Amino acid sequence: MKLVTAIIKPFKLDAVREALNAIGIHGMTVTEVKGYGRQKGHKEIYRGAEYAVSFLPKVRIEIGVASEQIEQVIDALTGAARTGEIGDGKIFVMPIDQAVRIRTGETDLDAL
């Protein structure tokens with residue numbers, strides 16, 4: 001089992017959700033976050049004064065998946081989230097040692 005964490009642009013969330021649903025991934029956790037990478041923020045003007053916005057709004061998606069689905073999930077995420085512009089995001093894949101569904105007590109793949 002793997003935990004896939006993706007950081008994407010907020011306006012791409014619906015497209016990503018649809019792409020994941022199309023490959024049979026129906027559950028995810030979504031968190032609104034702020035951050036920056038190579039994008040390094042941008043400058044805005046507010047009431048005539050210019051100021052730097054260092055942290056940009058992003059969306060963090062976390063998905064627990066079977067190890068066999070990783071390539072399919074990564075392809076769906078990259079295809080749906082890519083704009084071709086700087087700041088499209090990142091995908092991280094980490095191992096899951098154990099998963100438990102609290103309501104039923106199901107474990108591992110059955111809990112996903």
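## Exercises on a two-helix, six-strand protein

The protein has two helices and six strands. The model is a predicted one, so keep that in mind as you work through the exercises. Have the structure open and try each task before reading on.

### Exercise 1: Trace the order of elements

Task: Which pattern of helices and strands does the protein follow along its sequence?

Solution: Start at the N terminus and write β for each strand and α for each helix. The result reads β-α-β-β-β-β-α-β. Two of the symbols are helices: helix 1 covers residues 13-22, and helix 2 covers residues 70-81.

### Exercise 2: Build the sheet

Task: In what order do the four strands of the open sheet lie?

Solution:

Step 1. Begin with strand 5, residues 56-65. Strand 5 is joined to strand 2 by seven bridges, and the two run antiparallel. One bridge pair to look for is threonine 31 with arginine 60.

Step 2. Look for another partner of strand 5. Strand 1 is joined to strand 5, again by seven bridges and in antiparallel fashion. Here alanine 6 has isoleucine 61 as its bridge partner.

Step 3. Move on from strand 1. Seven bridges link strand 1 with strand 6, and this pair is antiparallel as well. You can check it at leucine 3, which stands opposite methionine 94 of strand 6.

Step 4. Put the pairs together. The open sheet has the order 2-5-1-6, with antiparallel pairing. Its edges are strand 2 (29-35) and strand 6 (89-95), each of which pairs on one side only. From one strand to the next, the twist averages 20 degrees.

### Exercise 3: Place the helices

Task: Which strands does each helix meet, and at what angle does it run?

Solution: Take helix 1 to begin with. Helix 1 packs on the sheet and touches strand 1 (2-8), strand 2 and strand 5; its direction makes about 10 degrees with that of strand 5. Now turn to helix 2. Helix 2 lies across strand 1, strand 5 and strand 6, and runs at about 5 degrees to strand 1.

### Exercise 4: Find the nonpolar core

Task: Which elements give two or more residues to the largest nonpolar core?

Solution:

Step 1. Find the residues with the most contacts inside this core of 16 residues: Ile8, Val16, Leu20, Ile61, Val65, Val73 and Leu77.

Step 2. Assign the core to its elements. Strand 1, helix 1, strand 5 and helix 2 each give two or more residues. The largest share, six residues, is from helix 2.

Step 3. Zoom in on one member. Leaving aside residues up to four places away in sequence, isoleucine 61 touches Val4, Thr5, Ala6, Ile8, Leu13, Val16, Met28, Thr29 and Val30. Among these contacts is Ala6, the bridge partner from Exercise 2.

### Exercise 5: Judge the overall shape

Task: How does the radius of gyration of the protein stand against that of a compact globule of 112 residues?

Solution: The globule would have a radius near 13 Å, but the protein has 17 Å. Next, consider the spans of the C-alpha trace along the principal axes, which are about 60 × 25 × 20 Å. Buried residues make up 27% of the 112 residues. The accessible surface comes to about 7600 Å², and carbon and sulfur atoms hold 50% of that area. For the contacts with a separation of 6 or more, 71% are between residues 24 or more positions apart.

### Exercise 6: Sort three residues by exposure

Task: Are aspartate 75, arginine 101 and aspartate 108 buried, partly exposed or exposed?

Solution:

Step 1. Recall the cut-offs: buried is under 20% relative accessible area, exposed is over 50%, and partly exposed lies in between.

Step 2. Aspartate 75 is in helix 2. Its relative accessible area is 52%, so aspartate 75 is exposed. The C-alpha atoms of aspartate 75 and aspartate 14 are 16 Å apart, with the two positions 61 residues apart in sequence numbering.

Step 3. Arginine 101 lies in the segment after strand 6. At 28% relative accessibility, arginine 101 is therefore partly exposed. Beyond residues up to four places away in sequence, arginine 101 touches Glu106, Asp110, Ala111 and Leu112. Its C-alpha atom is 4.8 Å from that of alanine 111, ten residues along the chain.

Step 4. Aspartate 108 is also in the segment after strand 6. With 31% relative accessible area, aspartate 108 is partly exposed. Its phi is near 50 degrees, a positive value in a residue other than glycine.

Technical notes. Residues numbered from 1 in each chain as written. Predicted model: local features only at pLDDT ≥ 70, side-chain atom pairs only at ≥ 80, totals over all residues. Heavy atoms only, no water. Pairing = 2+ DSSP bridges. Axes fitted to C-alpha atoms, helices over the stretch in contact; angles between N-to-C directions. Contact = heavy atoms within 4.5 Å. Rg over C-alpha atoms; globule rule 2.2 N^0.38 Å. Buried < 20%, exposed > 50% of the residue type's maximum accessible area, 1.4 Å probe, protein only. Areas by Shrake-Rupley, 256 points an atom, 1.4 Å probe, with all protein chains shown as cover. Core = buried A, V, L, I, M, F, W, Y, C linked by side-chain atoms within 4.5 Å.
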